[in-house]
Amino acid sequence: MKCITLRNYLLLMAMAIGLGGASCSRYFVPRGQATYTLLQVDSTIANDPDYVTLYSPYKKQLEAEMNRIVGRAAISLTKPRDEPETLLGNFFADALLAEARKQVPDAAFAFGTKGGLRMELHQGPITIGNLFELMPFENEIVVIQLTGEKVQQLAHFIATSGGQPVSGIRLEIDGDKAANIRIGGKPIDKNRTYKLATYDYLANGGDHVLGLADPVSRTNLGVKVREALISYVSNEADAGNDINVQLDGRIKRNQ
């Protein structure tokens with residue numbers, strides 16, 4: 001578990017002992033002057049046998065779940081930093097769009113950022129742990145409705161940032177501008193709106209993405225991005241399919 005956050009680890013531990021559905025309605029704050037002590041957590045700390053005995057059964061359950069195989073990658077899904085389109089980005093955006101369309105069938109395209117994808121997926125089995133490492137955040141899918149003008153602003157951001165993970169939209173990077181922008185195979189119509197599948201971090205202003213502020217509407221799907229990835233890979237496996245995305249020219253850099 002290289003990239004699982006402490007919060008996720010504790011959440012899964014809680015789920016393992018039947019507390020996953022509980023929520024805290026009370027919290028405690030110190031009275032008076034609070035004092036703090038820095039505790040270094042490293043290899044110099046000796047294991048507490050009683051504590052190890054307490055958590056070992058849950059640790060085994062957690063590791064068994066993290067090692068559970070949900071699908072397979074036919075090829076390694078990589079994300080070279082200097083390429084406008086990547087295999088990992090295509091997989092991620094395709095999964096995001098497919099899962100969003102389960103609730104919003106007319107979602108037109110999907111968008112994420114390279115920085116949010118924290119590890120590549122190697123050819124071979126894909127485990128729950130792999131997808132936790134890929135997306136170790138609590139981000140949730142949202143669908144926002146954008147005007148054609150806003151979509152053009154987003155396309156400009158994608159172009160100036162050297163390309164980002166997208167699905168359902170195609171564009172060319174011409175210098176530092178977006179050109180030949182198409183959604184569903186058609187040029188952008190400034191007089192209509194488009195529904196974009198993304199996640200709350202970006203929709204809330206994260207990474208300073210252009211075009212996402214003040215959407216026409218916003219729908220929170222209540223599905224974590226990581227859960228969507230697990231669902232997408234599992235569904236493909238159930239259908240007898242490996243994850244086998246290709247570079248299809250959805251983002252091209254003009255020379």
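**Reading a predicted chain**

Of the 255 residues of the protein chain, 42% count as buried (under 20% relative accessible area, exposed being over 50% and partly exposed in between, with a 1.4 Å probe and protein chains only).

Me: What kind of model is this, and how are residues numbered?
Reply: The model is predicted: local features need pLDDT of at least 70, side-chain atom pairs count only at pLDDT 80 or more, and totals for chains, interfaces and linings use all residues. Residues are numbered from 1 along each chain as its sequence is written, and side-chain values use heavy atoms, with hydrogens and water left out.

Me: What pLDDT does the protein chain average?
Reply: pLDDT is the predictor's confidence in each residue, from 0 to 100. The protein chain averages 90, and 89% of the residues score at least 70. Over residues 1-6 the pLDDT is below 50; beyond near neighbours in sequence, that stretch has 11 contacts (heavy atoms within 4.5 Å) in the model.

Me: How many helices and strands are there?
Reply: Both are DSSP runs numbered from the N terminus: helices are H or I with at least four residues, strands E with at least two. The protein chain has seven helices and 11 strands.

Me: Where does helix 2 have a kink?
Reply: The bend at a residue is the angle between axes fitted to the seven residues ending there and the seven starting there. In helix 2 a kink of about 40° lies at Tyr55, shortly before the proline Pro57.

Me: Is helix 3 mostly covered or uncovered?
Reply: Helix 3, residues 87-100, is mostly covered, with 13 of its 14 residues buried.

Terms used. The expected span of a helix is 1.5 Å times one less than its number of residues.
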